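Here are a few short exercises on charged side chains and how they pair up. Have the model open and try each task before you read its solution.

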Amino acid sequence: MAKAHETILEIDFRALKHNFEYLKSKIKPKTKFLAVVKAFAYGSDAIEIAKFLENEGVDYFAVAYTDEGVALRDAGITKPILVLHPLPASFKTLIERCLEPSIYSSKVLSEFLEVAAEEKQVNCPIHIKFNTGLNRLGFNSEDVDFILYQLKNSNHVKVKSIFSHLAASEDLNEKVFSKNQIDQFDDISKAMVSGLNYRPILHICNTSGILNYPEAHLDMVRSGIGLYGFGNSKEEDQNLKPIAALKSVISQIHKVTPGESVGYNRAFKAIQPTKTATIPIGHADGLGRQYGKGKGFVTINNQRAYIVGNVCMDMIMVDVTQIDCQEGDEVVIFGKNPNASEFSATVNSISYEIITAVSQRIKRVYKK
Ligand SMILES: *Cc1c(COP(=O)(O)O)cnc(C)c1O
């Protein structure tokens, strides 16, 4: 790969293919695979990622909001798309664009049935979401009778899947809790299936669920972070490859003498002669202010250069006193080494946060 001459997010499709195959090797051939491509495919590029995975034979996609699904349909994606958190204001669009809503409360169910009737839908696919402990979105087990009653009185919708979401699948200290979620879901699905008289797709596992709870793969698994190269543990990170590398370049080098300061609010003051490099990436690009003042670092010629002073909107300054480097040299923010998980650990954050923060302003470059 040519060196970066500007700030880019390099997306490696070979790594994506590797991750997809690794995760598939963990499930039975008949278990369906849903790729979670919400939030621009975790900050990468939802359209390119979805096109690639559709070609590779993925069964399903999920996004968080209706507009994200619309963008995929506009790009020609034809596989079914589950919208995890559709808001009633978007139901009409959702139906028109053949997207499939997660229905998570009585209010949302009634509102969706109303719109489905208005839109003259017959057997419009919906997904019923149950809360088994995350307490974020979902019906509770006591709602089963109400749901079945509502559905019996309508031919406008048909339940395509029943699902739940694990709260702590990556935390092996919470195995008892996760197993309880799985058992609760099992009871709920049995009651739903017997009431419906047909068997929708059942699913509960996210990436760490796939890796840690093989007994709970059921009919389908949902993976996001694993596809993008992170397994929520040191061991699993070894088996996956980060698909995205955030790179930049040195714009200018400054020699700072003792007593001089660097950046806004003079947050860095030199005690000894210091060499700094200015890099064209800032908090508007997703590199938050918490990385400033010596916490975060970038990698230049394989050496760590810590951020000095405050992160600016469009730039950072880093300490390169000990690094042999020049204006125009490549800078790695995260990629293989450090990966996004290691990079974000410097501010007690996680891979999910830093990769999804990479702003749309940064050019995506594809390695196919
Ligand atoms: C985001 C999300 C996922 C994907 O989780 P990962 O940990 O990234 O694999 C799966 N299911 C639901 C409901 C989600 O919101």
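**Exercise 1.** Find which residues are linked with Glu10 in a network of salt bridges.

*Solution.* Keep in mind that this is a predicted model. Start at Glu10, then look for its partners: Lys247 and Lys367 join Glu10 in a network of salt bridges. For the wider count, the structure holds 16 salt bridges.

**Exercise 2.** Work out whether Arg14 and Asp12 are each buried or exposed.

*Solution.* First, the pair: Arg14 and Asp12 form a salt bridge, with 3.8 Å between the closest N and O atoms. Next, take Arg14: its relative accessibility is 54%, and the cut-off for exposed is over 50%, so Arg14 is exposed. Now Asp12: its relative accessibility is 11%, which is under the 20% cut-off, so Asp12 is buried.

**Exercise 3.** Say which parts of the chain the salt bridge between Glu215 and Lys179 ties together.

*Solution.* Begin with the contact: the closest N and O atoms of Glu215 and Lys179 are 3.4 Å apart. Then place each end: Glu215 sits in the loop between helix 9 (207-212) and strand 9 (220-223), while Lys179 belongs to helix 8 (residues 175-196), so the salt bridge ties together parts 36 residues apart in sequence. Finally, check exposure: Glu215 is partly exposed at 47%, and Lys179 is partly exposed at 37%.

**Exercise 4.** Find the N to O distance in the salt bridge of Arg199 and Asp219.

*Solution.* Pick out the two side chains and read off the N to O distance: 2.7 Å. As for exposure, Arg199 is exposed, at 55% relative accessible area, whereas Asp219 is partly exposed, at 22%.

Terms used. Residues are numbered from 1 along each chain as its sequence is written. This is a predicted model: local features need pLDDT of at least 70, side-chain atom pairs count only at pLDDT 80 or more; totals for chains, interfaces and linings use all residues. Side-chain values use heavy atoms; hydrogens and water are left out. A salt bridge is a side-chain nitrogen of Lys or Arg within 4 Å of a carboxyl oxygen of Asp or Glu. Buried means under 20% relative accessible area, exposed over 50%, partly exposed in between (1.4 Å probe, protein chains only). Helices (H or I, at least four residues) and strands (E, at least two) are DSSP runs, numbered from the N terminus.
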